[in-house]
Amino acid sequence: MRLPHRTVLFGAAGAVVLAGGIALVACASGGSSGSAPKLAVVDPYIPQPASPDVAAGYLVVRNDGDSADRLVAVSSTFAPSAEIHESSGNSMQQVEGLDIPAHGQGVLGRGNMHLMFMDPTRQLKKGESVDVTLTFAKSAPITVHVPVLGAADRPGDPGVPSGPAVTAGSPEHTGHGG
Ligand SMILES: [Cu+2]
């Protein structure tokens, strides 16, 4: 009787490492160059949705920097996908991004461009807040706590809280002023 016999062959040649010849140019790491966008998200809010199928979101992205940026993607903790939409008349369509000019701002507001959260996993209620992450062409992503307001409310309305501006890279927990 013969036992099965397995033979393992090891390749004799090791990997050949080529050293040199390839130069990777790293990004300059000299810190802020003065030409970078400086973004802050102002007054984000979501009106309590009337429909379980979608939720709209509004905010302003302010840019105090010397170069433009662009909002290119949105995600949230309560919906599997989100889009940037532009309203025109009674319809709306998806757009690829929102320009944020240098020393200017990009506005997502009622009747205008807005965020649209598709197929929320639950229906949001006035008084809660949800995390929304904004992704930009140049700047690091910014996550904001977005309050859900009454269906017709806007930040700054009487009795409606106006959230603090959230700046890229700054801690979000600034305390509540009472
Ligand atoms: Cu929409």
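1. Let's start with how strand β3 pairs. In this predicted model, β3 (residues 69–76) runs antiparallel to strand β6 (residues 98–100), and 3 bridges join the two. If you would like a landmark for that pairing, aspartate 69 sits opposite isoleucine 100 in β6.

2. β3 also pairs with strand β9 (residues 129–136), again in the antiparallel sense, here over 5 bridges. A handy pair to click on is valine 74, which stands opposite leucine 134 in β9. As background for looking at such strands, side chains in a regular strand alternate between the two faces of the sheet.

3. Stepping back to the whole chain, the protein has 11 strands and 0 helices. Reading from the N terminus, the order of elements is therefore β-β-β-β-β-β-β-β-β-β-β. Of the contacts with a separation of 6 or more, 69% are between residues 24 or more positions apart. Of the 178 residues, 23% count as buried.

4. Now the core. Which residues touch the most other members of the largest nonpolar core? They are Val41, Leu71 and Leu134, out of the 29 residues in this core. The elements giving two or more residues to this core are β1 (39–47), β2 (54–63), β3, β4 (81–88), β6, β8, β9 and β10 (142–149). The largest share, 5 residues, comes from β10. Leu134 is worth a second look, as this core residue is also the one facing valine 74 across the pairing of β3 and β9.

5. Methionine 116 lies in strand β8 (residues 113–118). Is this residue buried, exposed or partly exposed? Methionine 116 is partly exposed, because 18 other C-beta atoms lie within 10 Å, whereas a buried residue would need 20 or more. Leaving aside neighbours within four places in sequence, methionine 116 is in contact with Val54, Ala56, Ala82, Glu83 and His85. You can also check the C-alpha distance from methionine 116 to glutamate 86: the two are 30 residues apart along the chain and separated by 9.7 Å.

6. Aspartate 53 belongs to the loop between β1 and β2. Aspartate 53 counts as exposed because it has 11 C-beta neighbours inside 10 Å, and the exposed class takes in residues with 12 or fewer. Its C-alpha atom and that of alanine 79, 26 residues apart along the chain, are separated by 9.9 Å.

7. Two loop residues deserve a glance at their backbone angles. Histidine 103, in the loop between β6 and β7 (104–108), has a phi near 50 degrees, a positive value in a residue other than glycine. Aspartate 119, in the loop between β8 and β9, likewise has a positive phi near 50 degrees and is not glycine. How exposed are they? Histidine 103 is partly exposed, since 13 other C-beta atoms lie within 10 Å. Aspartate 119 is exposed, since 12 other C-beta atoms lie within 10 Å.

8. A friendly word on confidence to finish. The mean pLDDT of the protein is 81, and 71% of its residues reach 70 or more. Over residues 7–32 the pLDDT is below 50, and this stretch has 0 contacts in the model beyond near neighbours in sequence. Residues 170–178 also have pLDDT below 50, with 3 contacts beyond near neighbours in sequence.

Note on methods: Residues numbered from 1 in each chain as written. Predicted model: local features only at pLDDT ≥ 70, side-chain atom pairs only at ≥ 80, totals over all residues. Pairing = 2+ DSSP bridges. Helix = DSSP H or I, 4+ residues; strand = E, 2+ residues; numbered from the N terminus. Contact = placed C-beta atoms within 7 Å. Core = buried A, V, L, I, M, F, W, Y, C linked by C-beta atoms within 7 Å. pLDDT = per-residue confidence, 0-100.
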